[in-house]
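Me: Please take one part of this model and go through it closely, with its surroundings. Give the cut-offs behind each term as you use it.

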Amino acid sequence: MNRRGSLLIVTLWVLAILSVFAIAIARYLSLEMRLVKYRIAREQARSLARAGVYLTAAQLTKDAQASGEPYDWVGDDWGVPEVTLPEGRIRVLSVTDEQRRLDLNSARRAQLQAVTGSSDIAQAVLDYLDGEDPAEAILPYEPKDAPVVRLEELRDIPIMTPEAYEALRRAMTVGAGTTLNINTVEPEAIAALLDRQPDDPVIQALVSARLGPDGELAGDDGCIIKAIAPGTAAELAGCTQQEESIFVQLLGAA
């Protein structure tokens with residue numbers, strides 16, 4: 001009996017040890033399977049992103065070579081971010097031209113104040129960019145005293161709020177010069193130029209006019225300026241049913 005009892009105990013211990021090994025191996029394999037799935041998903045996402053870049057480059061090249069459309073507007077293929085594909089899939093390409101925003105490095109104080117809604121933040125941005133202000137000697141931080149190359153640099157300004165930064169991001173860019181595209185310019189940028197609010201009826205009328213009477217992005221019936229000419233202000237006034245003098249001011253500022 002003692003030998004049988006000992007064999008039973010040994011057998012139970014062996015089964016217990018094997019069970020532990022089996023559980024450990026199962027968990028290891030399960031972890032490896034999850035890691036493999038993550039790697040596959042990461043590679044798929046990377047491939048899709050790379051394909052999106054190539055597709056966008058092809059669209060931009062095609063747009064640049066289109067002799068019959070020597071102007072850019074929000075309805076161009078590269079400007080329409082979402083396209084529904086077969087089987088319910090959606091393709092999203094996010095491309096925005098730099099000429100729809102003001103150049104931060106050449107922006108005036110009034111424009112910065114109009115965008116941020118704060119005279120203190122507007123002055124702080126100018127102090128951060130320009131090293132010629134004697135008052136900078138008492139600043140509680142080290143200004144850059146040079147043009148910024150990325151808007152994210154403005155986060156270094158202590159009094160910069162998330163709301164002000166987001167407003168600057170929508171209305172400003174860097175390295176684009178001072179020329180704006182009237183067909184794509186953002187409402188926030190127009191508001192800064194005209195010293196108005198982005199929801200001003202004139203600005204909203206201009207943005208809505210790009211869509212055309214049917215509310216769709218269609219260059220044939222939308223208010224699309226093909227070339228800046230002496231009659232452009234009158235053309236915009238006719239599209240938007242607004243005063244021509246407003247667009248004379250806008251085109252002069254832009």
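Reply: **Helix α7 and its surroundings**

In helix α7, which spans residues 232–240, the buried residues are Thr232, Ala233, Leu236, Ala237 and Thr240. They lie on the same side of α7, because the arc they cover around the axis is only 140°. That arc is taken from the directions that run from the helix axis to the C-beta atoms. Buried stands for under 20% relative accessible area, exposed for over 50% and partly exposed for the range in between, with a 1.4 Å probe and protein chains only. Helices are DSSP runs of H or I with at least four residues, strands are runs of E with at least two, and both are numbered from the N terminus.

This is a predicted model, in which local features need pLDDT of at least 70 and side-chain atom pairs count only at pLDDT 80 or more, while totals for chains, interfaces and linings use all residues. Residues are numbered from 1 along each chain as its sequence is written, and side-chain values use heavy atoms, with hydrogens and water left out.

The chain as a whole has eight helices and four strands, in the order α-β-β-β-α-α-α-β-α-α-α-α along the sequence. It has 254 residues, of which 33% count as buried.

The buried residues of α7 pack against α6 and α8; contact here means heavy atoms within 4.5 Å. On the α8 side, Leu251 gives a detailed example, as its place is in that helix. Leaving aside neighbours within four places in sequence, Leu251 touches Thr232, Ala233 and Leu236, and also Ile182 and Ile228. Between Leu251 and Ala233, which are 18 residues apart along the chain, the C-alpha separation is 7.5 Å. Leu251 counts as partly exposed, because its relative accessibility is 25%.

A covalent link also ends in α7. The structure holds one disulfide, a pair of cysteine sulfur atoms within 2.5 Å. Its partners are Cys223 and Cys239, with the sulfur atoms 2.5 Å apart. Cys223 sits in the loop between α6 and α7, whereas Cys239, 16 residues away, belongs to helix α7. The link is right-handed, with 90° about the S-S bond. Cys223 counts as buried because its relative accessibility is 5%; Cys239, at 35%, counts as partly exposed. Just after the helix, Gln241 takes a positive phi of about 60°.

Two of the contacts of Leu251, Ile182 and Ile228, lead to the largest pocket. This pocket holds about 260 Å³ of space. Leu180, Asn181, Ile182, Asn183 and Ile228 are the closest to its centre among the 17 residues that line it. A pocket is an open set of points on a 1 Å grid over the protein atoms alone, where a 1.4 Å probe fits and protein lies on both sides within 12 Å along at least five of seven lines; lining residues have an atom within 4 Å of a point. Points are joined across faces, edges and corners, and the volume is that filled by probe spheres set on them. The lining comprises 12 nonpolar, three polar and two charged residues, where Ala, Val, Leu, Ile, Met, Phe, Trp, Tyr, Cys and Pro are nonpolar, Asp, Glu, Lys and Arg charged, and the others, Gly among them, polar.
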